[in-house]
Each structure stands twice: as structure tokens, then as C-alpha cells.
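Me: Could you take a close look at the salt bridges for me, and tell me where their partners sit and how covered they are? Some surroundings, such as the metal site, would be welcome afterwards.

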Amino acid sequence: MPRPVHLALLALASSLPALCQTATNSPTPLSTRVVAYSIEANVDPDHHSLEAIETLTYKNLTGQPLTTFPFHLYLNAFRPQSTVSTETHFNGGIRDNISDNDYPGEKLGSIEVTHLDAVGFGDLSLRFTAPDDGNAQDHTVAEVSLPRPLAPGDSITFHLNFKDRFPLSVARNGYKRDFLMGGQWFPKPGVFWHGAWNCHQYHATTEFFSDFATFNVHLTLPTRFVVGASGVPTGDTVNSNRTHTLGFYAEDVGDFAFALSPNFTVTDGTYLSSLGPVKIHVLALKAHPQAGQRYLSILQRTMEQFEERYGPYPYKIITVIDPEPGSEIGGMEYPTLITGDTSWFEPTYITEITAEHEFGHQYWYGMVATNEFEDAWLDEGINSYTEATVTGALLGRKTSVLNFPWANLSDASLQRMQYLLASDFDPVTRHAWQFRNEASYGAISYGKSATLLATLEGIVGTQTMNDAMRLWFTRYRFTHPTAEDFLRTIEEAAIQNGRATALGYTPTSGVPCTQLPLRELSDLTIAKALGDSSQLKRTFGVDQYHVIVELPAGAHPPCLPFTQPNSDRPGIGVAHTGPPDDLRALRQTMASQQISSALKAFAVAPTTMTFTSTTLRAFFNQAVYGTQVLDYAVDSIDSSPVQWWLPAESDLKAKDKTQYLDTVVLRRRGDFILPVTVEVVFSDGSSLRDSWDGVDRWKKFAYTRSGRIVSAEIDPDHIVPLDSDVLNNSITTAPNYLPTQKLAAIWVTLHQLAAQLAAWIV
Amino acid sequence: MPRSPILRGLFLTLRHPRPLLWTYVVSLAAAWIASATLRAEFAQITSTTLAAQPLISGFDLATIFEAGRRFSAGPHGSFAVPARTGIPVYLLAFFLLVPGTLLTYLTNTPRRLGALLQQGMQSFWSFVRITLLTLLIAGPILGALSAAQGAVSSRIGEHITGEPAFLLDLVGIVAIFVVASLLRLYFDLVEIHTIDLAQTMRPSGKPDRRVRATLAPAWRTFCTGLPATALTFLFLAVLGGLAAYLLSLSALRHLAQPRVWPTALLGQLGVFTLIFTRFWQRAAETVHFRNVNPILRRSRIYAPANPIPRASIEPEMTSYGSTFPGPFPVSDPPSPILPGPNSNPLPEPGPTPDPLPNPEPISPSLASPDPGVFHHDVTPKKDLLN
Ligand SMILES: [Zn+2]
């Protein structure tokens with residue numbers, strides 16, 4: 001029970017939200033808050049149900065009048081008629097596999113809206129819709145039509161009364177023993193995105209998408225339960241009927257979840273971020289005595305890594321829930337609340353990896369709030385990639401899953417193994433519910449995405465990838481970016497670091513360059529100008545690394561960082577197309593004012609040019625948008641005397657003088673084309689690296705040397721984990737049978753033990 | 001000399017190492033041969049690629065996975081497939097070796113492989129019947145117990161989790177293990193009785209291989225001094241299991257080293273210990289059988305429908321009794337029906353009933369056991385065995 005002083009402080013705190021930021025360490029709102037929720041809920045953990053009153057204020061920032069509002073009613077998915085159940089039955093689900101021909105009664109869940117009105121609009125009613133598959137029985141999306149439109153900039157306040165029935169834990173929701181996870185438990189409007197409502201049904205493999213909001217939530221429940229919830233606690237009032245009411249406030253988040261159990265023990269800690277202190281609030285089960293410290297420790301270290309790599313965590317709290325064993329609730333992310341996954345005996349790093357992964361979602365889903373329905377790879381894939389990076393740094397690059405004295409396994413390998421389980425059915429950009437099945441969804445959204453990003457890191461370099469990820473976070477946090485936004489962020493970082501080349505430029509206004517009324521470049525299209533810089537110089541006397549273009553009236557303000565506005569000649573842009581060193585030099589000169597006068601001298605105005613394409617697109621088209629499988633192999637190696645007709649020299653000295661024709665044949669076994677590097681080692685101790693564009697089906701390299709080939713290896717730096725078979729990436733003439741012997745030793749022993757066990761029947 | 005089955009059993013196991021050693025050799029050979037294609041294929045996948053380096057300097061499970069993928073595309077499809085032939089082969093060998101082993105322990109007489117196998121072939125169908133009976137009886141009992149344990153476990157799981165739940169589950173599993181051990185012990189005794197009974201002739205002149213005639217006597221043997229026998233059995237089972245577990249575990253712990261012999265050696269030591277304790281169990285059971293059914297009484301324990309006329313085989317008894325090693329009741333009057341170990345321990349089932357004693361000379365009686373003598377004396381009996 002809280003002390004009275006605490007109560008007073010908490011009461012004060014709960015009145016603060018209107019005044020300033022209480023749940024984040026930022027002095028100002030971090031997001032465009034579209035919705036404000038206020039929910040009073042009575043939770044009945046014994047009957048796995050709750051009744052609540054929700055007040056929801058939606059601000060119309062869409063720029064257009066709105067007459068309909070779709071709402072997610074996720075808990076209705078836990079019925080046999082729902083799309084989730086059907087998909088799970090036939091294609092598998094990420095957290096359940098209802099393959100039997102009955103639907104257990106305890107797995108039934110529902111959300112029923114018993115009353116709905118809107119201030120100034122009167123009583124309203126909901127109508128079920130099924131925008132994705134037309135399943136009229138789905139009931140996970142319902143729409144309300146207003147009697148008159150809500151004008152742009154206006155707000156509407158809905159009052160909803162609703163009842164929840166939670167299922168026996170299924171798909172990250174419901175109860176297990178006396179534990180209850182309240183996830184996706186309240187009516188939540190869709191997101192008006194790209195000119196339309198985006199409100200998908202709940203699917204077996206989809207997660208969620210919502211606007212940024214504030215949440216002021218009060219949960220009333222029996223006092224014996226310990227509760228963890230999104231946001232910061234704002235009060236704990238004890239009621240007369242052995243219940244208490246707990247208040248929580250969250251801001252700049254898209255969702256609110258809670259969990260309760262009488263068996264939680266609290267382990268608290270603090271992480272000091274550059275924005276302020278963050279409380280790490282761990283609610284671990286008593287049955288998992290080690291879990292509290294393990295979660296706390298890995299979260300502190302993870303937050304440090306994330307701050308260093310991507311940017312600071314701005315919220316004041318992160319709550320970790322340790323769900324009941326055997327529930328399907330382990331390893332799930334909600335804003336400022338995550339669920340872990342551990343066991344009373346857990347000798348691996350799965351506990352740490354899960355906590356790291358779910359914390360990562362605070363960045364990749366929570367803040368960079370991508371559409372999880374449509375772009376699962378942008379949250380799960382990017383998060384799996386950063387998971388492998390961060391756990392590799394914290395737990396060892398080769399040991400981040402298993403670090404036994406006798407065996408090891410890394411997280412990056414685990415991601416790759418998942419990718420290999422179903423590598424070519426779906427592209428990573430496929431909508432989450434449209435994958436071939438659950439296995440393909442998992443293999444692609446997590447495994448392939450992480451592996452392709454690791455490969456990309458190999459191609460553009462770790463520094464570029466770090467820059468790109470940081471830019472991705474800092475530029476897109478508290479927005480809803482798309483896959484293209486992500487890819488262009490990587491391209492931008494790669495161009496800036498000289499690891500990719502732009503293949504064309506266009507104004508960011510999106511007007512195709514050929515439509516531009518070019519005055520200064522009357523006889524040239526931009527493409528031509530970029531293709532032939534000497535012509536530019538001849539015509540206009542400009543530096544060959546600059547392109548002058550005119551922009552249509554009303555074009556966007558400058559976007560490239562090295563340009564400056566010029567009031568003399570509005571509408572004229574400059575874009576840089578030179579090599580990276582020049583770009584850096586240009587930026588330095590810019591800073592020292594010289595370029596600014598030069599720009600003026602050329603009458604160059606702010607640019608709004610951006611690249612249309614880069615040299616990375618070929619990779620993106622195959623790895624991201626395509627389903628091509630990457631597999632290059634060393635097909636054969638051979639060393640034969642150049643003078644093959646001479647008899648073989650027996651004496652050693654003569655042998656040394658023998659010249660060999662050393663040949664290496666590489667082969668493209670997959671349909672994915674990527675430049676290939678091969679390293680050849682010779683018996684005289686020398687080695688060399690050669691490269692191939694990888695386009696043809698095979699390539700032969702021939703060398704005349706005094707040594708024979710000892711080995712040839714594709715991808716000698718092991719930076720292309722997307723290659724689906726690394727075992728065929730090399731051939732050596734010095735065979736080693738130790739792996740076989742080790743495997744045989746284990747296999748034979750296991751076989752004997754199993755046989756002896758079987759002999760118990762005799 | 002102690003009469004305690006566990007020490008006598010150890011003594012017998014060590015004194016007659018051939019059955020044990022042959023079983024171990026068969027176990028190793030079956031596994032090694034079964035793994036031949038697997039080894040060849042795995043060597044083809046890993047020996048000439050630099051990507052297998054993580055398996056040389058360490059033991060990277062991802063590399064095993066990669067090789068496993070390639071392997072699964074091959075003819076076997078899975079690492080487990082070769083075991084489908086290896087394990088049955090071992091089981092068959094076990095069927096053939098156990099009867100001879102039991103006779104060796106029963107008679108305290110060494111036997112060469114040929115003799116062991118011959119005994120195995122003679123008793124093969126008896127043992128198949130016993131095994132079927134074992135499965136028929138143990139299957140439902142253990143099945144029901146497992147189901148009950150599963151139900152209790154899930155009831156426990158509704159309320160208790162973590163280590164306490166695991167320990168409670170473990171109690172259930174241990175209980176099932178004890179029941180399984182008792183069943184095994186009983187059927188082990190059935191096997192001993194069967195071998196023992198097979199040394200007697202039916203009126204038809206064939207050795208008595210009736211399994212059902214042994215069930216009741218085996219039950220009596222089982223019930224006599226059960227706590228001590230059961231404890232011995234459980235102790236040896238746990239000892240073997242634990243030793244195999246710990247040795248295999250330490251074998252695994254050496255996997256990351258750039259050499260294979262520690263893993264191979266420790267693994268084999270684990271397997272050998274497991275087989276050794278199983279034979280020790282058998283020997284201890286034989287001693288228990290002997291203690292409960294002294295030779296004097298064994299003529300009556302099976303209550304043959306038509307007792308074989310005693311006089312006809314009387315001459316054999318002396319030798320049997322007199323060659324009996326010290327720890328066994330030397331003073332026991334000779335069995336009226338059991339043939340001597342050196343006369344014809346493996347009566348050939350022939351078409352002609354032959355109640356008459358084997359005409360072969362009786363081996364010299366010894367006051368105390370002399371393994372050397374036994375060895376040299378038994379070997380020449382090849383002519384009988386082959
Ligand atoms: Zn995730």
C-alpha cells in the first residue's frame with residue numbers, strides 16, 4: 001500500500017499531464033498526438049474479464065473532412081469464425097497452432113462495445129467490416145459513420161463503454177493461471193495514412209499500427225495483484241472492497257498494455273540516458289528467481305548500446321513483464337512495456353536476447369512507428385538485425401545465443417538459420433498476412449530481413465550502416481515511415497560515405513525532370529546533364545560536379561544539406577554529383593563561406609534535388625523486393641603444369657621451378673546477382689583477390705604461378721551471409737576430416753546409448 | 001565369499017567378461033557401420049571447405065546446421081536415418097547374446113562367442129515371446145502410468161511452475177522409472193528361469209522352452225527378498241545411467257577442442273559403463289535366482305507335466321554339482337535334471353528324443369573354480385557347438 005505522502009504526490013502527478021511532459025524526458029511533446037485516451041477499467045482477473053469506459057478524443061489532422069471512423073476490436077479475433085483462427089488453422093500462427101478440429105472454449109475471447117456516442121454527434125453505432133478478406137464473421141474491425149463530417153483541424157470526442165473477455169493465453173494475449181496480459185484490449189481507431197484509413201483486420205501473423213497518443217488509464221482490481229503497465233504510474237488508491245485503483249499515464253506512444261499477477265517480484269534499476277534517468281521496472285515471477293537481475297542487467301546494457309548507436313530512449317520508464325511459463329505471451333512489445341521469455345533453468349542467452357529484442361521494438365515499432373501490418377520487416381527485420389548487432393557486442397559475436405565450453409551459436413547465425421528455413425517464397429516487403437504461411441512469414445520477416453541487412457552492412461560498410469540506422473531513427477522517430485523511406489535512408493548514408501553512387505537526380509517535389517521547364521539548361525535534360533558533365537562545363541562554365549537546374553514554382557524547400565537559399569534567383573537548384581571526396585570537400589568549403597559566394601557567382605539557388613536511384617538498387621530489387629536466392633560457389637580448382645607435355649619432375653629442385661596453370665572456376669547457382677570477390681591462396685604462400693561481376697553463370701580465373709592452388713574462397717571476409725550455402729563457397733586441397741570425426745564420435749555414442757536404451761525391452 | 005547378489009554379480013561379470021565385451025563390440029560395430037555412409041557424406045560436405053573451420057577450432061552449431069541442410073538434401077535426409085538400421089541390428093545381437101550370457105552366469109562357466117550365439121539362437125523364440133510378453137504387460141502399465149503422470153503434471157502445472165513443478169514432475173517420472181525397473185527386473189528373472197528351464201528336457205526329449213511355465217516361479221523369485229533385489233537393480237540402473245550421462249556430457253565438453261579422441265574416448269567409456277552395469281544387473285539377478293532357487297529345489301520349481309525319469313540322467317549330476325564354484329552352495333545335492341556344464345549345456349533340439357546322457361566324457365571335478373581350467377577345458381567343445 002502506498003504511503004499518504006506518496007498518494008498526494010501521485011495525485012499531483014496525475015494532474016500534471018495537461019501541464020507538461022510527465023512520461024518522457026523531453027520538455028516538449030515528441031510526436032504529433034492524434035488521439036487522447038482516458039480509460040477507466042474494472043478488471044476481474046478471476047473471470048478474465050474487464051468492463052471499461054473509454055473517452056477518446058481524435059484530432060482530425062488529415063486535411064480533409066472525415067465521416068467514418070474505423071476501430072480495431074482485436075479481442076474478437078479469439079473466436080473460431082475469425083480470420084486469425086482460420087489462418088492459424090490452415091497456415092499456422094506465430095503464437096498458436098490450432099490445428100485440431102475444435103476450438104477450445106477457454107480460448108474464446110471477445111470485446112463488446114455496449115455504448116458509443118460522440119460529443120455533439122449523439123449516439124452512434126458500430127458496423128463490422130472486413131477490409132482485408134471480406135470475412136463478415138471476423139469482427140476485428142468495426143466502423144462508425146458520423147451524421148455529419150468532422151472538419152479538418154477539428155476534434156471529436158467519443159465515449160465508449162466496452163466489455164472484454166480474455167482468452168486462455170493465445171497470440172500474446174489473455175490469461176495463464178493467475179496471470180493476465182491485457183494487450184490490444186480497448187477500441188482503437190485506425191490510422192489515417194497516405195490519404196486513407198488504414199485499419200486492417202487482425203491476422204494470424206500481423207501485429208499492429210496506430211497513431212501517437214496520450215493515455216490516462218485507471219485500472220481497478222483486487223489488491224493482491226501486482227500490476228505492470230505502459231507509461232508511468234500516477235497513483236494507487238485503495239478502495240473499500242479489497243480492490244485498488246492504479247493510475248498510469250503514457251504519452252507519445254501508440255498503445256497501452258498491462259499485465260497482472262500475484263506472483264510478481266519487483267526488481268528496479270535506473271539507466272541514465274543523455275535525456276534523463278530511465279527507470280527499469282522488472283516484474284519477474286517468483287518461480288524465476290534469477291530473472292529479475294538478468295532482465296535488469298541486459299536492459300541497462302542494451303539501452304546503453306541503443307543510445308550510442310541510434311539515439312537516446314526518451315521515455316522515463318521501461319517495464320519488463322515476466323509472463324507465466326507455458327503462456328503464449330513471452331517476447332512481446334508494447335510501448336514502454338515488454339514481455340520477456342525465460343525459465344527457471346535457462347543456461348543460454350535466450351532470456352537476454354528476448355529482452356534485447358523487445359526493447360529494440362521501442363525504437364523499431366514504438367518510436368519509428370512503421371505499419372506492422374504491411375511492412376513487418378521494418379519492425380521485426382530491422383529489430384532482428386539490430387538484435388544481432390547489439391547482442392553480438394554484449395554477449396560475444398560468436399556466442400550470443402550459446403556460450404557453452406563445448407559449443408557456441410551466435411544470434412546472427414540464428415537469424416540466418418531462420419532465413420534458410422524458407423528463403424524464397426515471399427519478398428520481405430509482402431504484407432504480413434499475405435505470406436505463403438506462418439513459416440515463410442517468420443523466415444522472411446525476421447531471418448531474411450536481418451540477414452540481408454547484415455549483407456548490406458558488408459557491402460556498404462559498418463560505418464555507413466551505423467550512420468544509416470542512426471539517421472533512420474533520428475529522422476523518422478514519431479512518424480510512420482515506409483520501406484522506401486528506409487531504403488533511401490541507407491542510400492543517402494551510403495552516398496555520403498562514398499559507398500554508393502547516385503544514378504540520377506530528381507526534384508523532391510516529385511515532378512519528373514523531363515517535365516521541368518528548363519531555362520538555364522534549355523537544351524539539356526537533367527539526365528543528360530548528369531551523364532555528361534563536361535558538356536555542362538562547356539555550356540555554363542560550372543564546376544563539373546555541380547548541376548544547375550530550375551525548379552517549378554512552389555517546389556519544396558532545399559533538402560540537400562549543403563545548399564543554401566538564394567533570394568536572388570529562387571527556383572534554381574544545385575545538386576552535387578561528384579565523387580564522395582569532392583562531396584566532403586564541398587561541404588567543408590560550404591562551411592567556410594567560400595562556396596556560398598561561388599554559388600552566388602553561379603547564380604545558384606537552393607536545391608531540392610535528390611537522387612532517383614543508386615547503385616544499391618540492384619541489391620534492393622533482389623533482396624528486398626525480390627525472392628531471388630543468392631548462391632555463388634567455387635565450382636572447381638585446378639593446378640596443372642603449364643608444360644603439361646613434359647614428364648613429371650621427380651627431383652625437388654626441378655619441381656620448384658615448375659610453372660603451373662592455376663585455374664579457379666566460380667559458379668552462380670542462384671538467381672541473385674551480386675559482385676563476387678574470390679581469394680586464392682597458392683602453395684608458395686602467396687595469395688590474391690579477384691573479383692567478378694557475378695552476372696554470367698560461371699567465371700574462370702587462370703593464373704600462371706610457380707605454386708599450386710591451396711584454396712579458393714568466395715566472400716573471404718564473410719560479409720555476405722545472404723549466400724544460401726556457405727559450404728560451397730570454398731575449396732581447399734588440404735582436406736580436414738576433424739569435423740567428420742567429431743560428428744561421428746557424437747553420433748556413434750548417441751547411437752550406442754539409444755540402442756542400449758532400446759535394449760531394455762529385452 | 002559374499003552371497004550378496006551385487007558383489008557376486010560384479011564378481012561374475014568380471015570373471016566372465018566375454019558376453020559383456022562382445023556386446024560392447026557389437027554395439028560399437030553396429031553404430032560404426034551404420035554411420036559409414038553418414039561419415040562419408042559428411043566428409044564430402046565438410047572436408048574440403050574452409051567454411052567448416054568453425055567445427056575444427058570449435059563446435060559452432062550453425063555450421064552443423066548448414067552441413068545438416070546439405071545432408072538433408074542427400075540420400076539419407078536426416079542424421080537419424082542410419083540409426084534405423086543400426087539400432088535394430090544391435091537389438092538383434094542383444095537377443096542373441098543375452099541367453100548365452102545368462103547361462104554363463106548361471107553356470108559360472110565361460111563361453112566363447114560361438115557358444116553364446118548358439119545359445120542365443122536356441123533361445124531366440126523364447127526370448128521373442130518374453131519380449132512380446134514384456135511389451136504386452138509393461139506397455140499398458142507404463143502407458144497408463146505415463147498418462148496419469150501427464151495428467152497429474154498438467155494439474156500441477158495449473159498452479160505450480162518453475163523448479164518446484166519440475167521437481168514434482170520428476171517425482172512422477174522417478175515413480176514410473178521405478179515401476180519400469182521392477183517390470184524389467186521381473187522379466188529379467190523370467191529370462192533367467194527360461195534359460196534355467198531350458199536345461200531340462202520335456203518328455204518329447206526337447207529342451208523345455210516353455211515361457212509360461214517360468215512366469216510363476218519367476219514371480220516367486222521376484223517376490224523373495226524383493227526390497228534388496230529391487231534396490232540392487234535400481235542402484236545399478238541409476239549408476240549406469242548417471243555414469244553414461246556424466247561421461248557423455250564430459251565427452252561433449254571436449255567437442256570444441258581441435259582433436260577428437262577425448263570426445264570419442266569419454267563417449268565410449270559412457271557407453272561401456274552403461275552396458276557394464278546392465279550385465280552386472282543380469283549377473284546379480286542370477287545370483288539372486290541361485291540364492292532363492294538352490295539346485296536342490298530347482299527340479300520342482302517348474303513342476304513339469306511329465307517329470308523326466310531321474311535315473312536316466314543321474315550320472316550327470318555329480319559333475320554339475322562338483323564343478324559348481326565356491327560361493328554357490330557346493331553342498332547342494334546335485335540337481336536331478338540339470339546337465340553338467342561340460343557335458344552338454346546346449347542340448348541340440350533334435351528330432352529324436354534323447355533322454356540318455358551325452359556319451360562324452362565327464363570333465364574332471366574341481367574342488368574350487370579354476371578359470372584357467374575352464375577356459376582350456378571348454379574350448380575343445382567346439383565340435384559340439386559348431
Ligand atoms: Zn519482434
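Reply: Here is a walk through the ion pairs, followed by a visit to the metal site and one more histidine.

A few conventions to begin with: this is a predicted model, in which local features need pLDDT of at least 70 and side-chain atom pairs count only at pLDDT 80 or more, while totals for chains, interfaces and linings use all residues. Residues are numbered from 1 along each chain as its sequence is written, chains are lettered from A and ligands numbered from 1 in the order in which they are written, and side-chain values use heavy atoms, with hydrogens and water left out.

Searching the whole structure turns up 27 salt bridges over all chains, where a salt bridge means a side-chain nitrogen of Lys or Arg within 4 Å of a carboxyl oxygen of Asp or Glu. Let's take three of them in turn.

One is formed by the side chains of A:R416 and B:E66, at 2.6 Å from N to O. This pair joins two chains, because A:R416 belongs to helix α6 (residues 411-421) of chain A and B:E66 to helix α5 (residues 61-72) of chain B. (Helices are DSSP runs of H or I, at least four residues, and strands are runs of E, at least two, numbered from the N terminus.) A:R416 has a relative accessible area of 6%, so this arginine is buried; B:E66, at 7%, is buried as well. Buried here means under 20% relative accessible area, exposed over 50%, and partly exposed in between, with a 1.4 Å probe and protein chains only.

The next stays inside chain A: A:R617 pairs with A:E491, their closest N and O atoms being 2.9 Å apart. Since A:R617 lies in helix α14 (residues 617-623) and A:E491 in helix α9 (residues 483-496), the bridge ties together parts that are 126 residues apart in sequence. A:R617 is buried at 13%, and A:E491 is buried at 0%.

In chain B, the side chains of B:R282 and B:E191 meet at 2.5 Å, N to O. Here too the pair links distant parts of the chain: B:R282 sits in helix α12 (residues 261-292) and B:E191 in helix α9, 91 residues apart. B:R282 is buried, with a relative accessible area of 2%, and B:E191 is buried with 0%. This pair belongs to a network in which salt bridges with shared partners join B:R184, B:D188, B:E191, B:R278 and B:R282.

Now to the metal site. The zinc ion takes its protein donors from A:H357 (NE2), A:H361 (NE2) and A:E380, which gives two OE atoms, at 1.9 to 2.6 Å; donors are N, O and S atoms within 2.8 Å of the metal (3.2 Å for Na, K and Ca), and sites may look incomplete since water is not among the atoms. Along the sequence, the donor residues follow the spacing H-x3-H-x18-E. A:H357 and A:H361 are separated by about one helical turn because they are four residues apart in helix α4 (residues 350-363) of chain A. Both histidines, A:H357 and A:H361, are buried.

Lastly, A:H48 is in the loop between β1 (35-44) and β2 (49-59) of chain A. A:H48 is buried, with 18% relative accessible area. Apart from neighbours within four places in sequence, A:H48 is in contact (heavy atoms within 4.5 Å) with A:D164, A:R165, A:F166 and A:Y175.
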